[in-house]
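Hi,

Here is the structure I promised to pass on. Have a look at it first, and then read my notes on what turned up.

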Amino acid sequence: MRKATLISIVLVYSMIVGCQTMRPIHTVESVDLKRFMGDWYVIASIPTFIEKDAYNALESYRLDPDGTIATTFRFNKGSLDGPLKEYKPRGFVRHASNAVWGMQFIWPIKADYRVVYLDENYSQTIIGRKQRDYVWVMARSPEIPEADYQRLVELISNLGYDTSKLRKVPQQWAGPAGDS
């Protein structure tokens with residue numbers, strides 16, 4: 001009887017812990033896609049394998065006539081003047097709010113991409129995923145005030161992310177994006 005009770009307790013505990021990490025990740029109510037388009041500097045991220053050693057990371061969006069989002073993600077690999085890497089995934093809006101996208105790097109896979117925070121000026125955003133494996137803090141400028149950064153990190157923590165994995169992305173631009 002004791003063994004069965006112990007197993008039941010362990011199973012219930014496992015389900016509770018598992019459900020906490022599977023809780024929904026809320027997005028912003030709506031995104032004005034035209035305002036969201038343009039350049040976003042990656043301030044910090046829990047990076048994917050391709051961006052683990054990224055510097056000067058910049059994500060650029062353009063809304064195409066078919067409603068998809070042409071995306072260019074570029075960065076210097078390994079240092080501020082390292083070799084330029086560029087990827088061109090395509091975004092597909094998946095929800096009427098425009099806050100949930102599928103981001104396709106390789107056909108037919110569309111990775112989960114969610115606008116979980118966006119300030120009213122469309123100058124700072126957090127992009128997350130329901131799996132809580134990757135997250136990006138982005139801004140319209142290559143630097144943000146430290147108080148803003150700390151507030152965004154707190155928001156990321158409240159979303160259920162392990163913020164110890166968050167990496168600030170070094171940014172150093174001589175002029176407008178792309179003119180480094």
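Let's start with one pair of charged side chains: Lys88 and Glu86 form a salt bridge, with 3.7 Å between their closest N and O atoms. Lys88 is exposed, at 60% relative accessible area, while Glu86 is partly exposed, at 41%. Keep in mind as you click around that this is a predicted model.

That pair is part of a bigger set, as the structure holds 7 salt bridges. Here are some more of them.

Next, go to Arg129 and Asp133, whose side chains meet in a salt bridge with an N to O distance of 2.7 Å. Is Arg129 buried or exposed? Arg129 is buried, because its relative accessible area is 11% and the cut-off for buried is under 20%. Its partner Asp133 comes out as partly exposed, with 28% relative accessibility.

Then there is Asp148, which forms a salt bridge with Arg151; here the closest N and O atoms are 4.0 Å apart. Where do these two sit along the chain? Both belong to helix 3, which covers residues 146-158. Because they are 3 residues apart in that helix, about one helical turn separates them. Both ends of this bridge have some accessible area: Asp148 is partly exposed at 22%, and Arg151 is partly exposed at 35%.

Salt bridges can also link up by sharing partners, and that is how Arg62, Asp64 and Arg90 are joined into one network. Try picking out those three together in the viewer.

One last stop, away from the salt bridges: Lys130. You'll find this residue in the loop that runs between strand 8 (124-128) and strand 9 (135-139). Lys130 is partly exposed, with a relative accessible area of 47%. Which residues does Lys130 touch, if you leave aside its neighbours within four places in sequence? With those set aside, Lys130 is in contact with Ile25, Asp112 and Arg114. Pro24 is worth a look here too: Lys130 and Pro24 are 106 residues apart in sequence, yet their C-alpha atoms are 6.8 Å apart in space. It's a nice example to try for yourself: select both residues and compare the two numbers.

That's what I have for now. Send me your questions once you've had a look around.

Cheers

Technical notes: Residues are numbered from 1 along each chain as its sequence is written. This is a predicted model: local features need pLDDT of at least 70, side-chain atom pairs count only at pLDDT 80 or more; totals for chains, interfaces and linings use all residues. Side-chain values use heavy atoms; hydrogens and water are left out. Buried means under 20% relative accessible area, exposed over 50%, partly exposed in between (1.4 Å probe, protein chains only). Helices (H or I, at least four residues) and strands (E, at least two) are DSSP runs, numbered from the N terminus. Contact means heavy atoms within 4.5 Å.
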